[in-house]
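Visitor: Please take a close look at one part of this model, the pockets and what lines them. Carry on from there to whatever sits beside them.

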Amino acid sequence: MRKALLIVMVALFAMVAFSQTVITVAAGAVGIELELARAAAKAYMELRPGVTVNVLDTPDMVQDRLGLYLQFLEARSPDVDIYQIDVIWPGDLATHFVDLYDYDASKIVSMHFDPIVENNTVDGRLVAIPWFTDAGLLYYRTDLLEKYGLQPPTTWDELETAAKIIQDGERKTNPDFWGFVWQGNAYEGLTCDALEWIASNDGGTIISPDKKITIANANAVEILEKAAGWVGTISPRGVLTFAEEDARAVWQTGNAAFMRNWPYAYSLSLGADSKVAGKFDVSPLPAGKSGSGAATLGGWQLAVSRYSRNPEIAAEVAFFMAGYENQKIRAIEASYNPTIQALYADIEVLKATPFFGSLFDVFTSAVARPSTATAPRYNEVSTLFFKAVHSILSGTVDAATALEELALDLEDLTGFEVVWGL
Ligand code: GLC
């Protein structure tokens, strides 16, 4: 009798085990995003005990993550069902993803910001559901500005001056102190930072939405030469190897007056292990000659692989993870900007991250990288751009020469016309 019961139990267990649907999500691991994605997966599994959601962590740097994704996608692998994709990738990767409208996305899509939905729509197909949005911000030390009698800088010139004054003062007791940290490695993050400098100086967006190569212009040269001047003066030479987390590490140990970073660093900077908690604030990035600062539009979406064995369930998991409740948790716990407009009016969200309200315009007016105009070659365009900028910052070539060569390379790659403005 006991044996029979045991056999039945084993059989039942096997049925449950084998009927279990497994959904794998390839997600980011910058800051605490992996922990948050795992918590969302757990919450989903509590609702749907028949589904196991695994969350894979992937490299922090955008080009490395893309390389990994392409290995799965080009092999048409069913091993990953959901990919966390960058705002610049829908055009480059569209063919690998299902149209979420086939899985009832029309019921939820109108909650999200229109421009992001538009960005994720390729030939009428919704290739990813928005998850969080990003825009570059200036982090500054309120205590140090006060100590040196300074105001938050609103132009790059003011930032340079303030960074130098604070750095000179702080160096007397702290030899590791720097004025300004940012993302200078040769990767997508540098494309974002450099686009901000250039757009704030009326230098355009590398390639215009109407497919003209505009990067070879005097305003871009001017601001890139200025940024090259920061390396080794107000910014460590090592900034040329920095990604987001490297800049945050210097900032959070209290060794920088200013940092350019995305909103995720806000919540982490308030944390128990942060030396700058209670001593910082955020503002729009400084302006160049355009008179206003520019923030690059970033952000991540969830896309369902065409090669998934369970696209319907995968779509349900993606919608759950990108849904109102989960975006709210992520906003409150980790300052990830929601893509759901109503969350910017949510009192609990605004209490945790007041700048979602005060800097709302920065998020809605962020400057897009030219990924739609250049799809499916954006990654190649960006790679040429950040390599050129990196060589200017490293001092191996002057900005005018580098941008002239870049424009010609972009012309070869895209076939678009160059508008010369050097
Ligand atoms: C952030 C942005 C993303 C950008 C990346 C660059 O993750 O959200 O859009 O490409 O930084 O490092």
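Guide: By class, the lining of the second largest pocket holds 10 nonpolar residues (Ala, Val, Leu, Ile, Met, Phe, Trp, Tyr, Cys, Pro), 5 polar ones (the others, Gly among them) and 1 charged one (Asp, Glu, Lys, Arg). The model is predicted, so local features need pLDDT of at least 70 and side-chain atom pairs 80 or more, while totals for chains, interfaces and linings use all residues. Numbering starts from 1 along each chain, and side-chain values use heavy atoms, without hydrogens or water.

The second largest pocket (an open set of 1 Å grid points where a 1.4 Å probe fits, with protein on both sides within 12 Å along at least five of seven lines) has a volume (the space filled by probe spheres on the joined points) of about 240 Å³. It is lined by 16 residues (an atom within 4 Å of a point), and Pro284, Leu285, Gly293, Ala294 and Val362 are the closest to its centre.

The largest pocket has a volume of about 490 Å³. Its lining has 23 residues, with Asn119, Arg369, Ser371, Thr372 and Ala373 closest to the centre. Two or more residues each come from α4 (90-93), α5 (114-119), β4 (121-122) and α17 (371-374); these are DSSP runs, helices H or I of at least four residues and strands E of at least two, numbered from the N terminus. The largest share, 4 residues, is that of α5. By class the lining divides into 13 nonpolar, 7 polar and 3 charged residues. The largest pocket lies between domain 1 (2-135 + 298-364) and domain 2 (137-296 + 369-418), because both give residues to its lining; the bounds come from an automatic or database assignment.

Arg369 recurs at the ligand. There, 13 residues surround the ligand (a heavy atom within 4 Å), and the closest are Asp86, Asp134, Glu244, Gly299 and Arg369. Three polar side-chain distances (N or O pairs within 3.5 Å) involve oxygen atoms of the ligand: 2.6 Å for Asp86, 2.5 Å for Asp134 and 2.8 Å for Arg369. Alone, the ligand exposes 310 Å² (Shrake-Rupley, 1.4 Å probe), and the protein buries 93% of that.

The loop between α17 and α18 (378-393) contains Pro376. The peptide bond from Ala375 to Pro376 is cis, with omega near 5°. Elsewhere in the backbone, Arg76 lies in the loop between α3 (62-74) and β3 (82-86). Although Arg76 is not a glycine, its phi is positive, about 50°.

Terms used. A polar contact is a pair of N or O atoms within 3.5 Å; within protein, one must be able to donate a hydrogen and the other to accept it, and residues adjacent in sequence count only if both atoms are side-chain atoms.
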